[in-house]
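These are my notebook entries on a model that I went through element by element, with the definitions I relied on set down where each is needed.

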Amino acid sequence: MLHIVNKSPFDRNSLQSCLRLAQPNDAILMYEDGIYAAFKGTVIENDIQTTLSKCKMYVLKPDFEARGMNEGNVIPGIQSVSYSEFVDLTVQYSPVQAWL
Amino acid sequence: MKFGILVNEGPYQHQASDSAYHFTKAALEKGHEIFRVFFYHDGVNNGTRLTVPPQDDRNVINRWSELAKQYNLDLVVCIAAAQRRGILDENEAKRQGKDAYNLADGFRISGLGQLIEAGIQSDRLIVFGD
């Protein structure tokens, strides 16, 4: 399953719910305000690190660049992807769950 | 692969419509098929041809219309959500006794069955909203 999360974890708890329920080998893509979870050094970093040991995690590059972030700010292990690679992820995984 | 796209938010209010557009465009450029883009709730506001954004801003509505023209996309606006928000095509305007209609090029108004069909016919249904 591919989970797509567009909410900041500092605004709503959809990412926390997603991290809690994601199964091993699921993938999680953070986009729109969801990209704030990929920042190094926040209170959610530990939860992300734990999830990275069982799930692949991705962040949408155009969205984090639009918010003044660069690859250097991203927690190691989270891969940045383009829209084209976002499409590839939805092909690779099924179903796609939007955590709105 | 065949994709269905659901857009639940209006333009300029939330990024959902932008994200849906960029995803749809990327999928088409990779050679995938978009079975339908369905606009629901405030998403129906993506289908009004009367918006006039500043010239240095993106025109969300025209962008959808142009993509529809280029790839022969099926852009469907939910009729019940549209009527509540004043989005009418020529026939509906006549039927409701209104003096104008505002549905943009490339969009059509239809029912929720079109969303269900998109869910059944597509390999993936991708939801964009708030």
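I began with a single bridge and noted that B:V7 has B:F128 as its bridge partner in β5(B). Before going further I recorded that the model is predicted, that local features need pLDDT of at least 70 and side-chain atom pairs count only at pLDDT 80 or more, while totals for chains, interfaces and linings use all residues. I also recorded that residues are numbered from 1 along each chain as its sequence is written, and that chains are lettered from A and ligands numbered from 1 in the order in which they are written. Helices (H or I, at least four residues) and strands (E, at least two) are taken as DSSP runs, numbered from the N terminus.

**Sheet of chain B.** Looking up the other end of this pairing, I found B:F3 opposite B:R124 in β5(B); strand β1 (residues 2-7) of chain B and β5(B) pair in the parallel sense over 5 bridges, where pairing requires that DSSP finds at least two bridges between the strands. The two strands belong to an open sheet of 5 strands in chain B, with the order β4-β3-β2-β1-β5 and parallel pairing. I noted β4 (107-110) and β5 of chain B as the edge strands, each pairing on one side only, and an average turn of 25° between neighbouring strands, direction ignored. Is β5(B), then, mostly covered or mostly open? β5(B) is mostly covered, with 4 of its 5 residues buried (20 or more other C-beta atoms within 10 Å of the residue's own, against 12 or fewer for exposed and partly exposed in between, with C-beta atoms placed from the backbone).

**Helix α1(B).** I next followed α1(B), which lies across β1, β2 (33-39) and β5 of chain B and runs at about 170° to β1(B); axes are lines fitted to C-alpha atoms, for helices over the stretch in contact, and angles run from 0 to 180 degrees between N-to-C directions. With helix α2 (residues 60-71) of chain B, α1(B) packs at an angle of about 20°, the axes being 11 Å apart. That makes α1(B) roughly parallel to α2(B), a class that takes angles under 35 degrees, whereas those over 145 are roughly antiparallel, 65 to 115 roughly perpendicular and the rest oblique. For the contact (C-beta atoms, placed from the backbone, within 7 Å) I listed B:S17, B:Y21, B:T24, B:K25 and B:L28 of α1(B), together with B:V60, B:R63, B:W64, B:L67 and B:Y71 of α2(B).

**Contact between the chains.** How many residues does each chain give? The contact takes 14 residues from chain B and 12 residues from chain A. On the side of chain B, the elements that give two or more residues are α1 (16-29) and β5 (124-128), and α1(B) gives the most, with 5 residues.

**Sheet of chain A.** I then turned to chain A, where an open sheet of 5 strands also has the order β4-β3-β2-β1-β5, with parallel pairing. β4 (79-81) and β5 (96-99) of chain A stand at the edges, each with a single partner strand, so one side of each is left without a neighbour in the sheet. Within this sheet, strand β1 (residues 2-5) and strand β2 (residues 27-30) of chain A pair in the parallel sense over 4 bridges, and A:H3 stands opposite A:I28 in β2(A).

**B:G113.** Last, I looked up B:G113, which lies in helix α5 (residues 113-121) of chain B. B:G113 counts as exposed because it has 8 C-beta neighbours inside 10 Å.

Note on methods: Contact = placed C-beta atoms within 7 Å.
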